[in-house]
Amino acid sequence: MTVKDILMLLYILPGLCEAFQQDDTIFVDIHDNVTLPCRHDTHNNTENGTYWFRPGKHWPNEEVLPDGSIFVANVTKNAYFKCMLSETSEIISSIRLVVRGPPDPPENVVIKPSAVTAIVTWHLHLKEEWEGFLEGPKTTFHLRYRPLLNSQWLVLPHHIAPSQGLLEVYKLKPNTTYEFQLWTSNSYGESEIVKVVTTTHPFVSDIELAKMLEETLEEFSPSVWIVAVVVVLVVATVLASFLLVIYYFKKSEDTDDHERIELIPHIFENPGYQVEHSQSLETIHESILSPSTSAKSAAATV
């Protein structure tokens, strides 16, 4: 190993140690005060020998204590703290602070109404620290709606999964303005309520549908109808001809099969039928081909 390899190893060794170092996770409730210790006993450091690092802006409610730990008051969001040596920037402690509190409200709420239904879509940022650990509170999704001039809220009879992201609401009234409210909750409280107002489409009656169809027909050109009728007639003629040809060949095959079926019982009932029938056919054939022979046979008979 060369000197260059040794220097490279010394350079990347702190990074490898940092990668394999496990973070300590501390769960606290929202608005609590928390003290995060710095494990510096083995390094024999004082307050001036260590410092705390956290990504982002400095919180005004942070204070480094004489023993090297950090005090954070009125915690409101998650954070990641690192206690490091001042001289070498070596990481001594890595602490992930998880704040338990009310969940985030639904985002990107969109409602697409029709005449009697409405499709509701949303996005919800679920914190894995809450949903994956026993210490974390579980999130519940809520949705209710009502006509804008009605004071009684309507709720769905079944449970809505927070990660579902899409829901269809049925039995709405046509041409009616509705107010939808969406929010989340857990054991620590409720999120902000997201309000969306939308109007369902007017119901199309049979008379209005007939008028719309009549207007559509008026816009069509007569030449388009003529071309369409000609195309339909041509296709129908070709199809009928094809079916007639198939029927003719099928009928011919059925006739041949019927004649062969009738011949078989005669052969079994009268074994000489085939011989006699063949001889008679042969005689008729000879009489047709050679008339002179037939005349001679008749004279000999006389």
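**Confidence first**

pLDDT is the predictor's confidence in each residue, on a scale from 0 to 100. I start there since what I have open is a predicted model. Averaged over the chain, the pLDDT comes to 75, and 64% of the residues reach 70 or more. I then looked up two weak stretches. Residues 42–47 have pLDDT below 50, yet in the model this stretch makes ten contacts beyond near neighbours in sequence. Residues 292–302 are also below 50, and there I find one contact beyond near neighbours.

**Disulfide**

How many disulfides does the structure hold? I get one. Cys-38 and Cys-83 are the partners, with the sulfurs 1.8 Å apart. I looked up the torsion too: -75 degrees about the S-S bond, so I note the link of Cys-38 and Cys-83 as left-handed. Cys-38 sits in the loop between β2 (34–36) and β3, while Cys-83 belongs to strand β6 (residues 79–85), so the pair ties together parts 45 residues apart in sequence. Buried or exposed, these two cysteines, Cys-38 and Cys-83? Both Cys-38 and Cys-83 are buried. A reminder to myself: a disulfide is a covalent bond between the sulfur atoms of two cysteines.

**Phe-53 and its neighbours**

Next I went to strand β3, residues 50–53, where Phe-53 lies. I have Phe-53 down as partly exposed because its relative accessibility is 40%, and the partly exposed class runs between 20% and 50%. Which residues does Phe-53 touch, leaving out those up to four places away in sequence? My list reads Tyr-80, Phe-81, Lys-82 and Met-84. For Tyr-80 I also took the C-alpha to C-alpha distance to Phe-53, which is 8.5 Å across 27 residues of sequence.

**Salt bridges**

I count two salt bridges. One of them pairs Arg-54 with Glu-62, and their closest N and O atoms are 2.9 Å apart. I wanted to know how covered this pair is. Arg-54 has 13% relative accessibility, so I class Arg-54 as buried. Glu-62 comes out at 15%, so Glu-62 is buried as well. The cut-off I used for buried is under 20% relative accessible area.

Glu-179 forms a salt bridge with Arg-146, with 3.3 Å between the closest N and O atoms. This pair links distant parts of the chain, 33 residues apart: Glu-179 is in strand β13 (residues 177–186) and Arg-146 in strand β10 (residues 140–147). I checked burial here too, and both Glu-179 and Arg-146 are buried.

**Nonpolar patch on the surface**

Which residues make the nonpolar surface patch of about 360 Å²? I wrote down Ile-226, Val-230, Val-234 and Val-238. I picked Val-234 for a further look and found it in helix α4, which spans residues 222–269. Val-234 goes down as partly exposed because its relative accessibility is 47%, and a residue has to be over 50% to count as exposed.

**Phe-203**

Last stop for today. Where does Phe-203 sit? I find Phe-203 in the loop between β15 (194–199) and α3 (206–219). At 58% relative accessibility, Phe-203 is over the 50% cut-off, so I call it exposed. I also looked up how far Phe-203 is from Pro-174: their C-alpha atoms are separated by 5.4 Å, with the two positions 29 residues apart along the chain.

Definitions and conventions. Residues numbered from 1 in each chain as written. Predicted model: local features only at pLDDT ≥ 70, side-chain atom pairs only at ≥ 80, totals over all residues. Heavy atoms only, no water. Helix = DSSP H or I, 4+ residues; strand = E, 2+ residues; numbered from the N terminus. Buried < 20%, exposed > 50% of the residue type's maximum accessible area, 1.4 Å probe, protein only. Contact = heavy atoms within 4.5 Å. Patch = residues over 30% accessible without salt bridge, like charges linked within 9 Å, V, L, I, M, F, W, Y side chains within 5 Å. Areas by Shrake-Rupley, 256 points an atom, 1.4 Å probe, with all protein chains shown as cover. Salt bridge = Lys/Arg side-chain N within 4 Å of Asp/Glu carboxyl O. Disulfide = S-S within 2.5 Å.
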